[in-house]
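Subject: Structure for you to look at, with notes

Dear colleague,

Here is the structure I promised to pass on, with my notes on what turned up in it below. Please open it alongside the text and follow the residues as they come up.

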Amino acid sequence: MEILGKILVGLVALEHLYIMYIEMFAWETKGKETFKGSLAPELFTPTKTLAANQGLYNGFLAAGLIWYFFLEGHWAFHIAIFFLTCVIIAGIYGAVTASKKIFYVQALPAIVALIVLHIR
């Protein structure tokens, strides 16, 4: 279970690195494809700076989850719990305020990882 937990935490971290990339560096290209329907196409250019700021926060979430791999013992476990919980809260908030899809894409993988970490 420990290996599965690490794999799941790693996947959530990679997902947030990818979200960071889209929001910070590819908002007007890949962002239009990814968020099609949730934002009018003409709004991607004027919201580029806002998306980049949001992407930075996703990068911080990924960094925290990656930090987990460099720690040992109870600290690693608690750091993973903290950052997975942040991802879950952000995913639930996004599902309530923006799109229900965010729950399945962002929050659910973090919930599964959190459960697996607790099963040890």
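To begin with one residue, L8 counts as buried because its relative accessibility is 18%, where buried means under 20% relative accessible area, exposed means over 50%, and partly exposed lies in between, with a 1.4 Å probe and protein chains only. Please keep in mind that this is a predicted model, in which local features need pLDDT of at least 70 and side-chain atom pairs count only at pLDDT 80 or more, whereas totals for chains, interfaces and linings use all residues. Residues are numbered from 1 along each chain as its sequence is written, and side-chain values use heavy atoms, with hydrogens and water left out.

L8 belongs to helix α1; helices here are DSSP runs of H or I with at least four residues, strands are runs of E with at least two, and both are numbered from the N terminus. Leaving aside neighbours within four places in sequence, L8 is in contact with V112, A113 and V116, contact being heavy atoms within 4.5 Å. Between L8 and A76, which are 68 residues apart in sequence, the C-alpha to C-alpha distance is 14 Å.

A80, in helix α4, is also worth a look. With a relative accessible area of 0%, A80 is buried, and, not counting residues up to four places away in sequence, A80 touches L65, Y68 and L117. The C-alpha atoms of A80 and K36 are separated by 31 Å, with their positions 44 residues apart along the chain.

N58 sits in helix α3, which covers residues 48-67. N58 counts as buried because its relative accessibility is 8%, and, again not counting residues up to four places away in sequence, N58 touches H16, I19, M20 and E23.

From the record, the unreviewed UniProt entry lists residues 7-27, 51-70, 77-96 and 102-119 under "transmembrane region"; the positions follow the numbering used here, feature names are shortened, and such annotations may be inferred rather than shown by experiment. In the model, the chain over residues 51-70 is 85% helix and 0% strand, with its end C-alpha atoms 29 Å apart, while residues 102-119 are 100% helix and 0% strand, with end C-alpha atoms 25 Å apart.

On charged pairs, a search of the whole structure finds two salt bridges, each defined as a side-chain nitrogen of Lys or Arg within 4 Å of a carboxyl oxygen of Asp or Glu. One joins E28 to K48, with the closest N and O atoms 3.4 Å apart; this pair links distant parts of the chain, since E28 lies in the loop between α1 (2-25) and α2 (30-34) and K48 lies in helix α3, 20 residues apart. E28 is partly exposed at 29% relative accessible area, and K48 is partly exposed at 42%. In the other, the side chains of K30 and E33 meet at 3.5 Å, N to O, and both residues lie in helix α2, three residues apart, or about one turn of the helix. K30 is partly exposed at 29%, whereas E33 is exposed at 53%.

The same kind of search finds seven aromatic pairs, meaning rings of Phe, Tyr and Trp (its six-membered ring) with centres within 6.5 Å, where planes under 30 degrees apart count as stacked, over 60 as edge-to-face and the rest as tilted. Among them, F82 and F83 are edge-to-face, at 4.9 Å centre to centre and 85 degrees between the planes; F82 is partly exposed at 47%, and F83 is buried at 15%. F103 and Y104 also form an edge-to-face pair, at 5.4 Å and 90 degrees. Ring pairs further link W27, F35 and F44 into a cluster.Those are the points I wanted to hand over with the structure.

With best wishes
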